[in-house]
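Visitor: I am new here and would like a short tour. Could you show me the sequence and the structure before we start?

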Amino acid sequence: MIEEGDMAKRQDTKKFFENLSGAGKSIGVLTSGGDAQGMNAAVRAVVRMGIYVGAKVYFVHEGYQGMVDGGDNIEEASWESVSSMLQVGGTVIGSARCKEFRSHEGRLKAAHHLVQRDITNLCVIGGDGSLTGANLFREEWSGLLEELVQQGLIDEEAAQNNSELHIVGMVGSIDNDFCGTDMTIGTDSALHRIIEVVDAIMTTAQSHQRTFVLEVMGRHCGYLALVSALACGADWVLIPEMPPEDGWEEQMCQKLSENRADKKRLNIIIVAEGAIDSHNKPITTDHIKELVVSCLGFDTRVTILGHVQRGGTPSAFDRILASRMGVEAVLALLEASASTPACVVSLCGNQAVRLPLMECVQMTQDVQKAMDEKNFEEAVRLRGRSFENNLNTYKLLSYRKADSELPNEEDELPYNSSFNVAVLNVGAPAAGMNAAVRSAVRVGITEGHKMFAVNDGFEGFYKGQIKEIKWGDVGGWTGQGGSILGTKRTLPAKHLDKIAEQITIHNINALLVIGGFEAFLGVMELSAAREKYNEFCVPMVMVPATVSNNIPGSDLSIGADTALNAITDTCDRIKQSASGTKRRVFIIETMGGYCGYLASVGGLAAGADAVYIYEEPFDIRDLQSNVEHLTEKMKTGIQRGLVLRNENSNENFTTDFIYQLYSEEGKGVFDCRKNVLGHMQQGGAPSPFDRNFGTKIAAKAIQWISRKLKESYKEGKVFANTEDTACLLGMRRRAMVFQPVVQLKDETDFVHRIPKEQWWLKLRPLMKILAKYKTSYDVSDSGQLEHVTRVRPKKVD
């Protein structure tokens with residue numbers, strides 16, 4: 001988290017990029033190596049941001065091959081040329097693996113073709129091979145120009161004018177195998193494809209009591225396998241970074257049969273294509289199938305997902321990531337000088353960062369080296385904190401203690417390690433809540449606690465709807481939408497006596513509350529009631545889960561990603577419904593209460609022309625200028641417009657009003673349709689991100705509860721009444737932070753149920769720029785060049 005001094009410094013250096021002009025500069029954008037969903041969003045952002053700052057932008061078709069071949073492969077891009085490519089998978093400008101660029105002659109040709117068009121800024125979207133090639137090209141640049149002058153292909157003046165080549169990379173790779181970045185473009189979409197398949201397979205496997213062995217991509221990196229195993233609750237996962245120890249075959253078969261004995265009708269085993277055993281021998285899906293059949297006699301099937309994972313439309317997360325990175329890449333190119341190293345723009349937590357390209361490449365190669373030397377712990381550490389957190393959470397959840405291993409009442413322990421921990425859902429349902437409950441229950445049992453489930457939130461709590469919940473009870477919960485425990489908006493304040501009584505009856509020693517704004521208020525009320533009631537002097541922690549993403553103290557909440565994907569998918573369909581008809585504008589209303597997160601970020605992902613929210617007041621003049629702006633755009637080649645409105649953005653300018661205004665003003669140019677998305681934003685199966693986020697954040701919350709119980713256990717009972725024992729666990733920029741709810745009071749607008757400061761408002765200018773508005777864009781929040789070693793933030797408790 002940022003210190004106050006830092007904030008002040010930031011305010012002083014608040015620079016707007018009006019000073020950063022691209023006039024007279026030319027930027028080339030290319031996609032290279034394997035394709036990934038979201039590359040088009042990145043290309044679109046580079047083109048539009050480049051044109052916005054006054055630069056010329058060129059497509060380089062077919063990757064480096066197009067640069068070597070020149071001619072029509074390098075063409076100037078216009079604003080309209082990237083219209084409606086946001087929702088297309090793969091890469092529209094083509095990608096190829098190019099042998100010729102690896103030779104000196106090939107690079108000489110490429111340099112010649114770039115100099116002909118005065119292109120000295122390159123934005124390369126690809127994997128580590130593509131980025132390494134770009135860096136070598138930059139290092140050789142002045143030598144290549146000298147050769148071209150000697151050969152008489154260019155004159156001295158051209159060499160002088162193009163003397164420096166600047167390079168910025170964005171990592172597009174579904175494997176997420178690049179060090180220094182939490183997520184590469186395409187990874188989240190690939191996870192969507194995998195999870196769609198796993199969810200579909202689960203229903204057929206359950207019908208026949210089958211075991212399925214699934215092979216997912218990842219020759220050298222197990223990220224996809226690991227996260228999809230976490231997200232679907234797989235029984236076993238095999239990845240290159242964690243080869244199983246000798247005798248794993250028996251362990252695996254034993255675990256599969258234990259799970260079957262526990263009323264589980266199916267088994268899922270996920271294998272990365274590069275999985276190996278501890279002797280570096282490949283582990284194949286067929287080998288696993290033979291094992292299960294010969295050992296257990298289970299009906300077993302193999303499914304190899306293959307290129308399905310690379311295909312399909314990009315997820316909301318990938319579109320936003322790629323759009324943010326594309327804009328950041330143009331800023332980095334404008335700020336580059338001869339002395340700055342080639343950099344990659346990437347994401348750390350929720351923060352855009354710039355890292356020296358070669359440091360990242362070096363670290364990515366070090367991972368492979370560590371794996372070749374069988375130093376797997378080092379390989380995992382080098383993969384970065386995101387991978388490490390996933391792996392640790394998986395280990396926590398995969399180890400099931402036998403009942404005989406659980407502590408006995410009679411056991412002499414330094415402190416009573418068998419505490420009773422209650423879990424409840426409060427507020428409106430959000431996709432991913434069940435994954436969080438499952439994770440909390442299983443981690444709690446592993447830590448030696450007795451877990452209790454409370455039905456129907458605080459209402460069920462005071463009515464005594466509380467029962468113990470066991471390991472097997474939460475099987476198969478990760479993929480379920482809504483809230484299985486049941487959830488209500490009731491607040492505890494009116495029922496404190498009864499809740500206190502229930503805490504005593506069930507001897508509850510700690511509380512985990514998973515939910516939205518009501519959950520936040522509820523934990524506040526309980527902690528305030530500690531003065532009167534000793535029963536509430538127990539550790540309590542709240543985990544944010546609401547589609548609105550309106551909880552103070554956290555940048556993200558469980559359920560928001562699923563809702564964004566629902567909005568994005570629907571907007572894509574709605575836009576497509578008008579293809580072939582005359583020009584049309586859609587007015588779409590989203591949920592979110594007074595919080596404009598869904599509308600704004602959904603607008604960025606769907607390519608909206610305007611988004612109306614409560615946080616940014618607007619009047620009739622703004623509406624008027626938006627209509628005129630859209631009318632102008634529609635007179636060019638653009639066929640469809642998209643306008644999003646948050647449900648509570650303005651009580652008088654309703655969705656109907658805006659629809660009628662646009663219909664009237666657009667007469668003769670476009671016609672209008674309106675759509676209220678409603679509760680479809682709250683339903684549906686949780687996205688991979690929400691499953692994973694819910695699983696990790698709940699596991700972290702339970703570990704915190706265990707620590708606090710240890711600290712507050714005195715003379716045979718738990719007593720916790722300090723501020724730091726009633727917390728909210730949230731994601732802040734780069735870290736997961738536990739914050740006392742009392743301290744979040746000042747950050748909250750209780751009337752409108754939103755935080756007073758919201759990070760995503762900084763993304764709004766980005767959306768406006770991509771929709772062709774002139775606006776001021778504060779770049780003080782853009783990434784500063786850092787070094788890879790510093791990427792691991794210290795753990796914050």
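Visitor: How many of the five residues of strand 2 are buried?

Guide: Happy to help! This is a predicted model, where local features need pLDDT of at least 70, side-chain atom pairs count only at pLDDT 80 or more, and totals for chains, interfaces and linings use all residues. Residues are numbered from 1 along each chain as its sequence is written, and side-chain values use heavy atoms, with hydrogens and water left out. Strand 2 covers residues 56-60 (helices, H or I of at least four residues, and strands, E of at least two, are DSSP runs numbered from the N terminus). Buried means under 20% relative accessible area, with a 1.4 Å probe and protein chains only, and the number of buried residues in strand 2 is four.

Visitor: Which residue of strand 2 stands opposite Gly28?

Guide: Strand 1 (residues 26-31) runs parallel to strand 2, joined by four bridges; two strands pair if DSSP finds at least two bridges between them. Within strand 2, the residue opposite Gly28 is Tyr58.

Visitor: In strand 3, what is the bridge partner of Val60?

Guide: Strand 3 (residues 74-76) pairs with strand 2 in the antiparallel sense, over three bridges. The partner of Val60 there is Ile74.

Visitor: Is His112 buried or exposed?

Guide: His112 is found in helix 4 (residues 104-116). Beyond residues up to four places away in sequence, His112 touches Leu148, Leu153 and Ile154 (contact means heavy atoms within 4.5 Å). Its relative accessible area is 14%, so His112 is buried.

Visitor: Which helix gives the most to the largest nonpolar core?

Guide: A nonpolar core is a set of buried Ala, Val, Leu, Ile, Met, Phe, Trp, Tyr and Cys residues joined through side-chain atoms within 4.5 Å. The largest one has 155 residues, and Met170, Ile268, Ile270 and Leu512 have the most contacts inside it. With 13 residues, the helix that gives the most to this core is helix 11.

Visitor: Which strands stand at the edges of the open sheet of four strands?

Guide: This sheet has the order 19-20-18-21, with parallel pairing. Each edge strand has a single partner strand, so one side of each is left without a neighbour in the sheet. The edge strands are strand 19 and strand 21.

Visitor: In strand 21, which residue is the bridge partner of Phe586?

Guide: Strand 18 (residues 584-590) and strand 21 run parallel and are joined by six bridges. In strand 21, the partner of Phe586 is Arg673.

Terms used. Buried < 20%, exposed > 50% of the residue type's maximum accessible area, 1.4 Å probe, protein only.
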